[in-house]
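Biologist: Could you take me through one part of this structure in detail? I would love a close look at the aromatic rings and whatever sits around them.

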Amino acid sequence: QVQFVESGGGLVQPGGSLRLSCAGSGFAFDTYRMSWFRQVPGKEREFVAVISDGGTITDIADSVKGRFTISRDNHKSMVYLQMNDLKPEDTAVYYCTGQRGSVLSPRRREAKSYVDWGQGTQVTVSS
């Protein structure tokens, strides 16, 4: 079955950096757009970033644009989220997901457009 496994989260001070990784399996990785979402208790799962199947097109949420970068390595079936200049409001559980379909779909930023999710990795930004 389709599976995603996130890693790389942890505790970091404001202004610091982390790189999250996600390993995909059980599907043709190079046919899926891949996305990162995040969620805090009591709030809706929030879009962070999406990358096209070939890695040439990305869409980044305004809240993290200029600080976060999404990338992928189809040979390794991996997607990454490089997070720089982290802020306390970035604290959340970060989830990886993917779906066949265009990265330009108007539904690409909606959590309900995705069926399978990883278990998430906790990112805490605090001094």
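Modeller: Happy to, and here is a walk through the ring pairs and their surroundings. This is a predicted model, where local features need pLDDT of at least 70, side-chain atom pairs count only at pLDDT 80 or more, and totals for chains, interfaces and linings use all residues. Residues are numbered from 1 along each chain as its sequence is written, and side-chain values use heavy atoms, with hydrogens and water left out.

Searching the whole structure gives eight aromatic pairs (rings of Phe, Tyr and Trp, the last by its six-membered ring, with centres within 6.5 Å; planes under 30 degrees apart are stacked, over 60 edge-to-face, the rest tilted). One of them joins Phe37 and Phe47, edge-to-face at 5.7 Å centre to centre with 80° between the planes. Phe37 belongs to strand β4 and Phe47 to strand β5, so this pair ties together parts that are ten residues apart in sequence (strands are DSSP runs of E, at least two residues, numbered from the N terminus). Phe37 also pairs edge-to-face with Tyr114, at 5.5 Å and 70°. Tyr114 sits in the loop between β9 and β10, so here the linked parts are 77 residues apart in sequence. Phe37 and Phe47 are both buried, as is Tyr114 (under 20% relative accessible area, 1.4 Å probe, protein chains only).

Ring pairs link Phe37, Phe47, Tyr95, Tyr114 and Trp117 into a cluster. Arg45 joins the picture by lying over the face of Tyr95, 3.8 Å from the ring centre. The charged end of Arg45 also sits over the ring of Trp117, 4.6 Å from its centre (CZ of Arg within 6 Å of the ring centre and within 35 degrees of the ring normal).

Conventions:
Helix = DSSP H or I, 4+ residues; strand = E, 2+ residues; numbered from the N terminus. Buried < 20%, exposed > 50% of the residue type's maximum accessible area, 1.4 Å probe, protein only.
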